[in-house]
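This briefing looks at how one protein chain holds its ligands, going from the metal ions to the organic ligand pocket. Please read it alongside the sequence and the structure shown here.

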Amino acid sequence: MKTSEHIFTLCVEQQPLQIIIYHKVLRLALAFGSSDEHAEEIAESASQHLQNRQNASLLCAIENEKEQISLIISDQHEEIWQEFCKLPSYPDCTTIKEQQLLLTGLSIPGLLQQMQQRQNELQQQRNDLRQETERLTAKILHTNMAMEHQAMHDKLTSLPNRPLLIERATHALQIAKRQHFNCCLLVMDLNDFKDINDALGHQIGDLMLQEVASRFKHCLRNSDTLARLGGDEFAALLLNTNAEQAQVVAKKLHKALLQPFELGGNTLSVGISIGITEFPEHGEDVLSLLRRADVAMYHAKHKKLSYSIYNPLLDEHSIERLALLNDLNHAIKEGGLELYYQPQVLTAGDGLPSLEALIRWTHPQKGLVFPDRFIPMAEDSGLITPMTWWVMETAVAQCAAWHKAGLPVNVSINFSAHCLQETDVAERVEECIKRHALPDNALVLEITESMIMEDPHQASTVLLKIDAMKVDVAIDDFGTGHSSLAYLKHLLVDELKIDRSFVMGMHEHDNDEIIVRTAINMAHSMGLRVVGEGVEDRKSWDALTAMGCERIQGYFISRPLPVDQITRWLEAFSQDGLKLDDI
Ligand code: C2E
Ligand code: CA
Ligand code: CA
């Protein structure tokens, strides 16, 4: 059966699917089924027309009157075939030969219409997909941001956590390095927070941490970062700030916690210890700065200070400290240490002064090193014990020599409480006194108030024995250690030395004056003698004398002097007495 046929060449592009009737080649009648040879020929010629079109496939379509389309796929193209199968009203599609499809029930315009529909459908799908992709991207972005916030912030306080602090600090240090300014890192640890948690439960503990975070925040600038490092430990990164300015902030943070906390019906107080490091002085990278701020914080906690600036000599990992400790050890053994003596004179009468032995170290390279620099390090490392025994031996020998030379002075030494821990401490003191034939009560042991309070039981046992040996005991730096005088008296103490910070602050701060006056009165009521330290001028001398303080020590009388100079000073004193007007 012969039918009239239309032959088209279709150019098919896949992206997007497009079928263009490129060339209506012929209008001829051919017997269906025998047209393929001819059609292939036509396709061949059409393909030459379309040579330049990339990504296009050529199809030859033969439409007959029965609405059958015979498609000859000139390039074997699996995807195109599949696209035809997805047409909206899927034509009856049969594979006639390997490269020829028969679509039944479609005319070429119908096919094109379907193509258009399919194209619209695809476009719609693409739009939907794009919208869905946009929605998902936004969601992922939001989730990512939330996750990032969660990963970088503390859940309880919403403050940045350690990783975020490190990230921000690293960035800040880079800028600080380039622009040559300082930054400071503060590590803050609450004191005895564990007790609050244990006694009142975690809920109250959590509330307190939140309240602390909020109070700290109010002490800082917006450009600073406050972080919670974990537990009861916080940190602050202060931009464009030096250690001196950081101290002001530390004081503010400390003050912020002074006001009691009202939590769950409880009124609670909590203190903090703060460690400060400065960039670049104390470290070039964030981790060293943080670690060192931690060292400073522990030092503050140990010494019951509200804050402390990092000091490499107190850091057991610092090379500088290890080297200096090694040198100090050497100095103790090889005679690199020396004692200076500072007089304590009586405010009434002409009695011979007492002397306080103060250690000096002449370092082979660094020259004269003052005790404030190496005593804390010696205390921490344990070197303080051999050093104290060296001081005892030297001071007792010197005191005995002065007595023999007709200068019967008493000598005080700073006796570290570490020595009080030794089992044979009283015997060692006694042995030393006897060996040098020192008269009774010529030796005074000065012990700091805070050191006694560290182990009051052991202190009281040793002090009892010391008292029996006719050695006097003085409480040094009184006023800094929060102990009660009544308690100290119970320890058989003979003398109270009022810390020089109160004496020196007396004229400016009413509080200091009240502390000094009260301490003097209370000490007297308990039968203790009182020494006022740090007297630098006539005004302080007069004030202390008026308050009834019987001994004075300070630059106003004399600075600490080496043995030969203090001996001359003593000789002059024993001849002419103290000439205050000459000073
Ligand atoms: P400290 O026991 O309170 O000694 C008094 C300190 O105050 C001495 O400092 C002294 O020079 C200083 N000073 C005296 N008068 C004045 C004054 O008018 N104004 C001012 N601004 N300062 C005055 P130094 O000798 O530097 O000793 C510092 C600290 O080191 C001592 O404080 C003491 O705690 C410790 N130390 C000194 N020698 C020894 C020692 O042999 N053994 C031990 N364990 N500690 C010692
Ligand atoms: Ca002292
Ligand atoms: Ca003192």
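D477 has a relative accessibility of 22% and therefore counts as partly exposed, since the partly exposed class lies between 20% and 50%. D476, in contrast, counts as buried because its relative accessibility is 5%, which is under the 20% cut-off. These values, like those below, come from a predicted model.

**Calcium site**

- The calcium ion (ligand 3) has its protein donors in D476 (OD), D477 (OD), E533 (OE) and E533 (OE), which lie 2.3 to 2.8 Å from the ion.
- Along the chain, the donors of this calcium ion (ligand 3) follow the spacing D-D-x55-E.
- D476 also bridges the calcium ion (ligand 3) and the calcium ion (ligand 2), and these two ions lie 3.9 Å apart.

**Polar contacts of ligand 1**

- A nitrogen atom of ligand 1 lies 2.6 Å from an N or O atom in the side chain of E536.
- Oxygen atoms of ligand 1 are found 3.0 Å from an N or O atom in the side chain of R500 and 3.2 Å from one in the side chain of E356.
- Taken alone, ligand 1 exposes 790 Å², of which the protein buries 89%.

**Shell around ligand 1**

- There are 23 residues around ligand 1, and those that come nearest are Q342, R360, R500, E536 and Y555.
- By class, this shell has eleven nonpolar, eight charged and four polar residues.
- At least two shell residues each are supplied by β15 (354-363), α10 (371-381), α11 (384-404), β19 (472-478) and α17 (500-505), with the largest share, four residues, coming from β15.

Technical notes: Residues are numbered from 1 along each chain as its sequence is written. Chains are lettered from A and ligands numbered from 1 in the order in which they are written. This is a predicted model: local features need pLDDT of at least 70, side-chain atom pairs count only at pLDDT 80 or more; totals for chains, interfaces and linings use all residues. Side-chain values use heavy atoms; hydrogens and water are left out. A residue is near a molecule or strand if one of its heavy atoms lies within 4 Å of it. A polar contact is a pair of N or O atoms within 3.5 Å; within protein, one must be able to donate a hydrogen and the other to accept it, and residues adjacent in sequence count only if both atoms are side-chain atoms. Accessible areas come from the Shrake-Rupley method with a 1.4 Å probe; for residues, only the protein chains shown count as cover. Ala, Val, Leu, Ile, Met, Phe, Trp, Tyr, Cys and Pro count as nonpolar, Asp, Glu, Lys and Arg as charged, and the others, Gly among them, as polar. Donors are N, O and S atoms within 2.8 Å of the metal (3.2 Å for Na, K and Ca); water is not among the atoms, so sites may look incomplete. Buried means under 20% relative accessible area, exposed over 50%, partly exposed in between (1.4 Å probe, protein chains only).
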